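Me: I'm new to this one, so please pick a single part and give me a close look at it. After that, walk me through whatever surrounds the story, in plain words.

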Amino acid sequence: MASRYCELTEGHTVNMTQEQEEQAKILRALAKMGVAYTVTVIHCPSCEILTRLMVGTLGSAEWLEGASIQDAMPDMPATLRETLISGLCFRCQEEIFSSPEDETAAILNDPETMEAIREAQAE
Ligand SMILES: [Zn+2]
């Protein structure tokens with residue numbers, strides 16, 4: 001299935017722009033045939049699990065052609081967009097982007113930040 005994350009066969013060198021153009025063409029042809037969604041399998045670079053995503057065919061084509069992902073896939077939740085862009089699965093995104101406990105711990109463990117907070121409080 002054509003997607004931005006299709007793995008290239010080993011030893012097969014393809015100009016990425018050309019590859020994307022080809023994929024966009026295929027996706028546009030599929031959209032014309034009435035295929036609204038295509039399935040993309042994404043390999044998480046952090047934990048290596050595979051995420052299977054249903055992606056709008058036309059939106060994918062537009063994205064490959066250079067549209068911003070927000071414009072190409074306006075209905076797609078931000079988490080799914082992030083998976084498409086970075087490859088990170090939902091669990092890794094949670095760990096990396098939105099862990100308030102970790103953020104607090106990071107602040108408490110950072111002497112410079114703590115110093116800045118103390119100074120701000122002293123004023
Ligand atoms: Zn992951």
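Reply: Of the 12 residues of H7, zero are buried, so this helix lies largely in the open. Buried here means that 20 or more other C-beta atoms lie within 10 Å of a residue's own; exposed means 12 or fewer, partly exposed is anything in between, and the C-beta atoms are placed from the backbone. H7 covers residues 111-122 and reaches 16 Å from its first C-alpha to its last, close to the 16 Å expected at 1.5 Å a residue. That expected span is 1.5 Å times one less than the number of residues in the helix.

Before going on, a word on what you're looking at. This is a predicted model, where local features need a pLDDT of at least 70 and side-chain atom pairs count only at 80 or more, while totals for chains, interfaces and linings use all residues. Residues are numbered from 1 along each chain as its sequence is written.

pLDDT is the predictor's confidence in each residue, from 0 to 100. The chain averages 81, and 77% of the residues score at least 70. Among the elements, helix H6 (residues 100-108) has the lowest mean pLDDT, 61, and H2 has the highest, 93. Over residues 1-13 the pLDDT stays under 50.

Now the overall layout. The chain has seven helices and two strands, in the order α-β-β-α-α-α-α-α-α. Helices (H or I, at least four residues) and strands (E, at least two) are DSSP runs, numbered from the N terminus. Of the 123 residues, 15% are buried.

Helix H2 makes a nice contrast with H7. Seven of the eight residues of H2 (residues 57-64) are buried, so this helix is largely enclosed by the rest of the structure. Those buried residues are Thr57, Gly59, Ser60, Ala61, Glu62, Trp63 and Leu64. Just after H2, glycine 66 takes a positive phi of about 115°.

H2 also feeds the largest nonpolar core, which has six residues: Leu27, Ala61, Trp63, Leu64, Ala72 and Met73. The largest share of this core, three residues, comes from H2. A nonpolar core is a set of buried Ala, Val, Leu, Ile, Met, Phe, Trp, Tyr and Cys residues joined through C-beta atoms within 7 Å. One core member, methionine 73, is in contact with Gly56, Gly59, Trp63 and Arg81, leaving aside neighbours within four places in sequence. Contact means that two C-beta atoms, placed from the backbone, lie within 7 Å.

Next, the two strands. S1 (residues 37-43) and S2 (residues 50-56) run antiparallel and are joined by seven bridges; two strands count as paired if DSSP finds at least two bridges between them. Valine 39 stands opposite methionine 54 in S2.

The hairpin of S1 and S2 has six residues between the strands. Glutamate 48 is found in that loop, where it has a positive phi of about 75° although it is not a glycine. With 9 other C-beta atoms within 10 Å, glutamate 48 is exposed.

Cysteine 44 lies in the loop between S1 and S2 too. With 18 other C-beta atoms within 10 Å, cysteine 44 is partly exposed. Not counting residues up to four places away in sequence, cysteine 44 touches Ile49, Thr51, Gly87, Leu88, Cys89 and Cys92. Cysteine 44 and cysteine 92 are 48 residues apart in sequence, and their C-alpha atoms are 8.3 Å apart in space.

Finally, look at leucine 84 in helix H4 (residues 78-86). Leucine 84 counts as buried because it has 24 C-beta neighbours inside 10 Å. Beyond four places in sequence, leucine 84 is in contact with Leu53, Val55 and Ile69. Leucine 84 is 43 residues from valine 41 along the chain, with 9.6 Å between their C-alpha atoms. Across the chain, 49% of the contacts with a separation of 6 or more are between residues 24 or more positions apart.
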